[in-house]
Amino acid sequence: MSRKPELKGRAARLARLFPAGPRQAARTPFVLLVVLLLGGGLIGLLVLNSALSEGSFKMDDLQKDTKSLTDEQQALQRDIDSYSAPDALQRRARELGMVPGGDPVFLNPDGTVKGVPSAAAQQSLEDAPAAVRPPEAIPLSRTHQASSSPVTPTPSTLSEPTEPSAPSAAPTEAIPETPGR
């Protein structure tokens, strides 16, 4: 029905360069491109999903570890609290042979004594536990092993005012601190 007009001259030469009929583009490369894009997307989603699930498993393990460590920390804190309770300290002190002290006595800067010194109450042999060791058998720190026996003031030396002397160079025992207090 409709016919194309005949081309002449330059237009005819240019028309020969182009294909004569309507051609369809090749479908194979397009189909391969679509299949590769879909396959790459699916593989990417699979890798992402497995990485997220692995992170979830690690998080569960870390939460379990945190819970067990928190339980252990609370148990240790309960032990510390029970050891630092006044009745437990008193019992442990009696096991070591210590006795309750009397009223405190203070020295004023001028050398006078404030208070009435008294000796600590001695524990009877029946009250003493059988496993009490003498002070010589208790291990001391290296600084105390090198020094001589400690000097303890007696009530008679506390009541007499004396000339102040230079402080002694005897080391003092460090008192251990309880954590969290």
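**Close-up 1. R92 and its salt-bridge partners in helix α3.** R92 is partly exposed, with a relative accessible area of 46%; the cut-offs are buried under 20%, exposed over 50% and partly exposed in between, worked out with a 1.4 Å probe and protein chains only. Its neighbour in this view, E95, is also partly exposed, at 36% relative accessibility. The side chains of R92 and E95 meet in a salt bridge, 3.4 Å from N to O. To earn that name, a side-chain nitrogen of Lys or Arg has to sit within 4 Å of a carboxyl oxygen of Asp or Glu. Both R92 and E95 belong to helix α3 (residues 86–95), where they are 3 residues apart, about one turn of the helix. Salt bridges with shared partners also bring in R91, making one network of R91, R92 and E95.

A quick note on reading these views: this is a predicted model, where local features need pLDDT of at least 70 and side-chain atom pairs count only at pLDDT 80 or more, while totals for chains, interfaces and linings use all residues. Residues are numbered from 1 along each chain as its sequence is written, and side-chain values use heavy atoms, with hydrogens and water left out.

**Close-up 2. K67 and D71 in helix α2.** Here K67 forms a salt bridge with D71, and the closest N and O atoms are 3.4 Å apart. Both residues lie in helix α2, with their positions 4 residues apart in the count, about one turn of the helix. How exposed is K67? K67 has a relative accessible area of 54%, so K67 counts as exposed. D71, at 39%, is partly exposed.

**Close-up 3. E54 and K58, another pair in helix α2.** The side chains of E54 and K58 meet in a salt bridge at 3.8 Å, N to O. E54 and K58 are 4 residues apart in helix α2, about one turn of the helix. E54 is partly exposed because its relative accessible area is 46%. Counting over the whole structure, there are 4 salt bridges.

**Close-up 4. A nonpolar patch on the surface.** F30, V31, V34, V35 and L38 make up this patch, and together they have about 480 Å² of accessible area. Patch members have over 30% relative accessible area and no salt bridge; like charges are joined within 9 Å, and nonpolar side chains (Val, Leu, Ile, Met, Phe, Trp, Tyr) within 5 Å. The areas come from the Shrake-Rupley method with a 1.4 Å probe, and for residues only the protein chains shown count as cover. L38 is found in helix α2 (residues 27–83), and L38 is exposed, with a relative accessible area of 57%.

**Close-up 5. Two stretches with low pLDDT.** pLDDT is the predictor's confidence in each residue, from 0 to 100. Over residues 142–153 it stays under 50, and the model has 7 contacts beyond four places in sequence for them; a contact means heavy atoms within 4.5 Å. Residues 155–174 also stay under 50, with 12 such contacts. Where pLDDT is low, the predicted coordinates should not be read in detail. The chain averages a pLDDT of 76, and 61% of the residues score at least 70.

**Stepping back to the chain.** The chain has 5 helices and 2 strands, in the order α-α-α-β-β-α-α along the sequence. Helices (H or I, at least four residues) and strands (E, at least two) are DSSP runs, numbered from the N terminus. Buried residues make up 2% of the 181 residues.
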